[in-house]
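The following report takes up, in turn, burial, a sheet, a pocket and some backbone angles. Please keep the sequence and the coordinates at hand while reading.

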Amino acid sequence: MMLTLVAFIFAIAVLVAVHEWGHFSVARACGVKVLRFSVGFGPRLAGWTSTTTGTEYVVGVLPIGGYVKMLDEREGPVDDSESALAFNTKPLRSRAAIVAAGPIANLLLAVILYSVVNWIGVDQPQALLARPSQGTVLAIAGLQGGERVVQAGYEGEELEPVQSFEKFRWWMARGALEHRNVQVEFLKPGARNTQAVVLALSEVDAPDANAQLFARIGILGPYSQAQISTILPDGAAALAQLRTGDVVLRVDQTDIVDAGQLRDMIRVSGRDAEPLPQTWQLDRGGERLTVTVKPAREREGDQYIGRIRAGIGSPLAMTTVQYGLLDGVGEALAHTWETSALTLRVLGQIVVGKASLNNLSGPITIADYAGKSAAMGPTQFLLFLALMSISLGVLNLLPLPILDGGHLMYYLWEALSGKPVTLTWTERLQKVGFVILLMMMSVAVVNDVTRLLR
């Protein structure tokens, strides 16, 4: 709990500080006097005032947000000697640059963080496919499990290398959410020549980017061999004299491809009032054996399942994904762009009703992911920070009056009409934007609570 809280506060503070630094640095470069740079809202927790610029640097009690207060004639009287330093007296291009600098700073932070991770390298599961369930996109395409994905890309476009299972999942999510088919090039176990198949992701109903979506596609996890990893006493596995390291090749008349398939067969056996004994063919250190295993029937929630009281699955085959200096930056730029574009598409689909509001997450979910990623190590926390920085940057570019994107829309109107938006209209639009943002935040919090209660 403490790690989650610390990680969440640290993440929000960093993201807000970088966002406000973007506004601050460009404002200073454009000759605008900055009165206050604040990370957090509410009463002042700590701070100091620069003796050279007069800028007050503040840390507020509430870390969720921040602001940069600039000299502005619309907010109070300004001495004639400082009139040229006021925000409102600057040319349109300068004001637009100052407003856009916050979101851009967040996107640049994401590029930097992704680049650092790419240079360090991260261990990820290889792009080995588990056996897909019947009726899923992968199964319909003829994939059976054990294949190693080599390349992927949108149908009709150039394919890109797939170095890890996460990269493959990324292509599947993009294809489903953007309603585009993805072509996959793969190697079958023991094969030397690759084969290609087109996955019909354009036909997948994908209102949410969640586990159910990946289940419909057929990729709940990477390939794991059907190997006995642990055995608990007094269970069906112990009674059948199974041993750790045994590899299950066949159950009755069904060839076993991977651990997921074997676990499913064991669970399904519990549907019978009295599970039938199963004939298992094993590979035990190169020796072929046949044993009889009778799963026990146990209640789980509102259903009965079969269990043998043994761990099933071999360690995942891992690979280190690492890039050189320039390639790391290029990959970071591409991933930041793709993630930003995908985020905008999902938000657009939410607006038109093609995507579910369940995609919106609030502070509880963000805090949860902050704690989990921090517990997994620095690299995963950096990836979390990068993703959140993209989300913050994209969100602030939305054309809502209360956000940076809304102010950019004001400046677009000013550029086209030759006159600024009146103060009356600005106040009205600000109220509308506040209501819309409050509604979005309310939905996000409700989603958080719903996930928490599941």
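A residue is called buried when its relative accessible area is under 20%, exposed when the area is over 50%, and partly exposed in between, with a 1.4 Å probe and protein chains only. The model is predicted, with local features requiring pLDDT of at least 70 and side-chain atom pairs pLDDT 80 or more, while totals for chains, interfaces and linings use all residues. Residues are numbered from 1 along each chain as its sequence is written, and side-chain values use heavy atoms, with hydrogens and water left out.

R95 belongs to helix 2 (residues 92-120), where helices (H or I, at least four residues) and strands (E, at least two) are DSSP runs numbered from the N terminus. With a relative accessible area of 11%, R95 is buried. Setting aside residues up to four places away in sequence, R95 touches F87, N88, K90, Y411 and E414, a contact being heavy atoms within 4.5 Å.

Y323 sits in the loop between strand 16 (318-321) and helix 8 (325-352). Its side chain makes a polar contact of 2.7 Å with the side chain of Q163; such a contact is a pair of N or O atoms within 3.5 Å, and within protein one must be able to donate a hydrogen and the other to accept it, while residues adjacent in sequence count only if both atoms are side-chain atoms.

Four strands form an open sheet in the order 10-9-11-12, with antiparallel pairing, where two strands pair if DSSP finds at least two bridges between them. Its edges are strand 10 (254-255) and strand 12 (287-293), each of which pairs on one side only. Strand 9 (residues 247-251) is joined to strand 10 by two bridges, and V251 stands opposite T254 in strand 10.

Helix 7 (residues 259-268) provides five residues, the largest share, of the lining of the second largest pocket.

Two loop residues other than glycine have a positive phi, as the table shows. Most residues other than glycine have a negative phi.

| Residue | Phi | Relative accessibility | Loop |
|---|---|---|---|
| H179 | near 55° | 36%, partly exposed | between helix 4 (165-177) and strand 6 (182-187) |
| Q241 | near 60° | 61%, exposed | between helix 6 (236-239) and strand 9 |
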